[in-house]
Amino acid sequence: MRLFDSHAHYGDGRFDADREEVLASMKAAGVERIVEIGCDLPGAQNAVRLAHAHPFLYAAVGVHPQEAGGASDADFDALEALCRDEKVVAVGEIGLDYHYENAPRAVQKEVFARQLELARRLNLPVCIHDREAHADTLDVIRAFPGVRGVFHSYSGSLEMTRDVLRLGFIFGFNGIITFKNAKKFEPIIKSLPEASILLETDCPYLAPEPFRGRRNDSRWLYRACETVAELRGIPDEDAAELTYANAARFYGLS
């Protein structure tokens, strides 16, 4: 069984003590590819460095909505340069976050739109962060037809799922779907088109059951895979291969 972790944060400080050891263990765990996500300019630069240091790692670069208030024109110029790196496969993590609102909503929308325009210009997919901002997130995306993307750590309703599909976007699922209170995901995952499902960890966050509360990493991606397989009534190996192929196609990897 081979797995593709479509969204991870190995640049996080919680991996400082053993980052290389953890990454070296991925092949034995069946994790063959990982996309490392940058959330501000330093994080994006580090994501690209990590990707170049590890053949199975790729990078997405962007300004997270919680960092939107500090983004400068120089940052956007630097991000565009990073987007042209051979190991960069997406613009992200970008979007809107109305839970913390570290930046005013108007600023978040402006930074989000600016990065969608960058993705459209460079023909890159986007990794979307949407927290308690579903309607506004969809409205901003609708202004950029042709941009394709994934709603990472998807948590929307069945109704929103239909809206996202109509826009041509897909969905990233992680350890949240293994939680005991995750019944809302059952009708969504059961009904989605095969090509619209990615697996992710969002590590070091959101460790799946039975590891909930611990530092997450890609070796536990199999738990989300098992849950998708169970809900769709297919073997674990088929779910792994399906989501691997989806992620490779989405990120433009052979």
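Here are some exercises with worked solutions on the predicted model shown above.

**Exercise 1. Overall build**

Task: Work out how many helices and strands the chain has, and how its radius of gyration relates to the globule rule.

Solution: Begin with the secondary structure. The chain has nine helices and eight strands. Next, take the radius of gyration, which is 17 Å. The globule rule gives 18 Å for 254 residues, and the two values are close, so the chain is as compact as a globular protein of that length. For the outer dimensions, the C-alpha atoms fill a box of roughly 45 × 40 × 35 Å along the principal axes. Finally, look at burial: 56% of the 254 residues count as buried.

**Exercise 2. Following the chain from β1 to β2**

Task: Find which helix the chain passes through between β1 and β2, and state the handedness of the crossover.

Solution: Start at strand β1, residues 3-8. Six of its six residues are buried, so β1 is largely enclosed by the rest of the structure. Now look at its pairing. β1 and strand β2 (residues 31-37) run parallel and are joined by four bridges. You can locate the pairing on screen with Leu3, whose bridge partner in β2 is Val31. Between these two strands the chain goes through helix α1, residues 19-24, and the resulting β-α-β crossover is right-handed.

**Exercise 3. One residue of α1**

Task: Decide whether Ala24 is buried or exposed.

Solution: First place the residue: Ala24 belongs to helix α1. Then apply the cut-off, which is over 50% relative accessible area for an exposed residue. Ala24 has 65% relative accessibility, so it counts as exposed. As an extra step, compare positions along the chain and in space. Ala24 and His54 are 30 residues apart along the chain, and their C-alpha atoms are separated by 9.2 Å.

**Exercise 4. Strand β3 and its neighbours**

Task: Establish which residues of β3 lie on each side, and which strands β3 pairs with.

Solution: Use a general idea to begin. In a regular strand, side chains alternate between the two faces of the sheet. In β3, Leu57, Ala59 and Val61 are on one side, with Tyr58 and Ala60 on the other. These residues are all buried, and both faces of the strand are covered. Five of the five residues of β3 (residues 57-61) are buried, so the strand is largely enclosed by the rest of the structure.

Now for the pairing. β2 and β3 run parallel, with four bridges joining them. Within this pair, Ile34 has Leu57 in β3 as its bridge partner. The elements β2, α2 and β3 form a right-handed β-α-β unit. On to β4: three bridges join it to β3, and these strands run parallel too. Here Val61 has Val91 in β4 as its bridge partner.

**Exercise 5. The two pockets**

Task: Describe the volume and lining of the largest pocket, then do the same for the second largest.

Solution: The largest pocket holds about 810 Å³ of space. Its lining has 33 residues, and those closest to the centre are Glu93, His129, His152, Asp202 and Tyr205. Which elements contribute? β2, α2 (41-53), β4 (88-97) and β5 (126-131) each provide at least two lining residues. By class, this lining has ten nonpolar, twelve polar and eleven charged residues.

Turn to the second largest pocket, with a volume of about 190 Å³. Its lining includes Phe179, Lys183, Arg223 and Glu230. Helix α8 (residues 221-232) gives the most to this lining, with five residues. The classes here are four nonpolar, two polar and six charged.

**Exercise 6. The enclosed cavities**

Task: Work out how many cavities of 30 Å³ or more the whole structure has, and which residues line the largest.

Solution: The search finds two such cavities. The largest has about 40 Å³ of space. It is lined by Asp130, His134, Phe151, His152, Ser153, Tyr154, Ser155 and Met160. By class, that lining has three nonpolar, four polar and one charged residues.

The second largest cavity has a volume of about 30 Å³. Among its lining residues are Asn174, Glu200, Leu206 and Trp220. Its lining divides into five nonpolar, four polar and one charged.

Key. Residues are numbered from 1 along each chain as its sequence is written. This is a predicted model: local features need pLDDT of at least 70, side-chain atom pairs count only at pLDDT 80 or more; totals for chains, interfaces and linings use all residues. Side-chain values use heavy atoms; hydrogens and water are left out. Buried means under 20% relative accessible area, exposed over 50%, partly exposed in between (1.4 Å probe, protein chains only). Two strands pair if DSSP finds at least two bridges between them. A crossover is right-handed if, with the strands pointing away from the viewer, the path from the first strand over the helix to the second runs clockwise. On a 1 Å grid over the protein atoms alone, a cavity is a set of points where a 1.4 Å probe fits but cannot get out, and a pocket is an open set with protein on both sides within 12 Å along at least five of seven lines; lining residues have an atom within 4 Å of a point. Grid points are joined across faces, edges and corners, and a volume is the space filled by probe spheres set on the points. Ala, Val, Leu, Ile, Met, Phe, Trp, Tyr, Cys and Pro count as nonpolar, Asp, Glu, Lys and Arg as charged, and the others, Gly among them, as polar. The radius of gyration is taken over C-alpha atoms; the globule rule is 2.2 Å times the number of residues to the power 0.38.
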